[in-house]
Amino acid sequence: MRTILFCLIFFVVIPFIIYLLSYIPFVDAYRPGLFERMLKNQETMFKYHSALEATHPYSSTWIEWPIMKRPIFYYSNRLAGGLRQGISSFGNPLVWWAGIPALFYTAYLAIKKKQKTAMFLCIGFLAQYLPWTLVSRCTFIYHYFPSVPFITLSIGYCFMQLKESALFRKHTKSF
């Protein structure tokens with residue numbers, strides 16, 4: 001029970017207070033009310049994003065992000081002698097593609113084996129990724145970037161699990 005209370009305070013209450021206090025610069029004598037101002041801003045942002053009907057040649061959907069189907073090209077230029085230069089945004093294929101089976105294995109460890117670390121990694125990943133499944137407006141691959149730390153941690157965790165199971169098999173064969 002103390003763990004739940006700790007998590008509630010440090011991951012919900014304190015971030016909410018910090019977010020609320022970030023609205024202090026927007027409150028003045030004509031528009032007082034910090035909480036009301038924050039709620040009005042949330043409503044305005046929701047209305048804008050839910051009604052947005054924009055398109056972009058580099059937009060991609062949430063399902064395309066893990067496989068990097070559509071990177072973003074920010075800058076492209078042709079130089080003398082047929083050379084080209086550019087700036088783009090996409091993930092590391094080794095990390096992102098290895099992350100797909102790693103996340104499935106981590107989910108297996110969380111659900112079937114009830115491993116708390118695996119559960120933490122799955123919840124962290126899904127908290128960053130799942131909300132984007134509900135967004136119907138134009139989205140981009142960079143929206144997936146907050147999920148990547150959980151992918152890399154899942155890959156490392158899977159390697160650790162495989163190593164431990166190999167060591168376990170090696171030690172049990174000697175008996």
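In which helix is the place of Thr-106? I looked this up in what is a predicted model, and I found Thr-106 in helix α3, which runs over residues 93-111.

**Entry on Thr-106**

I then asked whether Thr-106 counts as buried or exposed. Its relative accessibility comes out at 0%, and because buried means under 20%, I noted Thr-106 as buried. For the polar side of this residue I looked at its side chain, where a polar atom lies 2.7 Å from the backbone oxygen of Ala-102. I also listed its contacts, leaving aside neighbours within four places in sequence, and wrote down Ala-118, Leu-121, Cys-122, Ser-154 and Cys-158.

**Entry on the nonpolar core**

Which residues touch the most other members of the largest nonpolar core? I found that this core holds 24 residues, and that Trp-65, Trp-96, Phe-125, Ile-141, Tyr-144 and Ile-151 are the ones that touch the most other members. Tracing the core back to the helices, I saw that α3, α4 (116-129) and α5 (148-173) each supply at least two of its residues, with α5 giving the most, namely 6 residues. I set beside this the general remark that nonpolar side chains tend to be buried together in soluble globular proteins.

I followed Tyr-144 further and, not counting residues up to four places away in sequence, recorded that it touches Trp-65, Pro-66, Trp-96, Phe-125, Tyr-129 and Ile-151.

**Entry on the aromatic rings**

How many aromatic pairs are there? I noted a count of 17 aromatic pairs. One of them joins Phe-6 and Phe-10, whose ring centres are 4.6 Å apart and whose planes stand at 35°, so I entered the pair as tilted. Both residues lie in helix α1 (residues 2-21), 4 residues apart, which is about one turn of the helix. Phe-6 is partly exposed at 45% relative accessibility, and Phe-10 is partly exposed as well, at 43%.

I next looked up Tyr-105 and Tyr-108, whose ring centres are 6.0 Å apart with the planes at 20°, so this pair is stacked. These two tyrosines are 3 residues apart in helix α3 and are thus separated by about one helical turn. I recorded a relative accessible area of 29% for Tyr-105, which is partly exposed, and of 39% for Tyr-108, which is partly exposed too.

Last, I followed the ring pairs onward and found that they link Trp-62, Trp-65, Trp-96, Phe-125, Tyr-129, Trp-132, Tyr-144 and Phe-145 into a cluster. Among these, Trp-65, Trp-96, Phe-125 and Tyr-144 were already in my notes as residues that touch the most other members of the core.

Technical notes. Residues are numbered from 1 along each chain as its sequence is written. This is a predicted model: local features need pLDDT of at least 70, side-chain atom pairs count only at pLDDT 80 or more; totals for chains, interfaces and linings use all residues. Side-chain values use heavy atoms; hydrogens and water are left out. Buried means under 20% relative accessible area, exposed over 50%, partly exposed in between (1.4 Å probe, protein chains only). A polar contact is a pair of N or O atoms within 3.5 Å; within protein, one must be able to donate a hydrogen and the other to accept it, and residues adjacent in sequence count only if both atoms are side-chain atoms. Contact means heavy atoms within 4.5 Å. A nonpolar core is a set of buried Ala, Val, Leu, Ile, Met, Phe, Trp, Tyr and Cys residues joined through side-chain atoms within 4.5 Å. Rings of Phe, Tyr and Trp (its six-membered ring) pair if their centres lie within 6.5 Å; planes under 30 degrees apart count as stacked, over 60 as edge-to-face and the rest as tilted.
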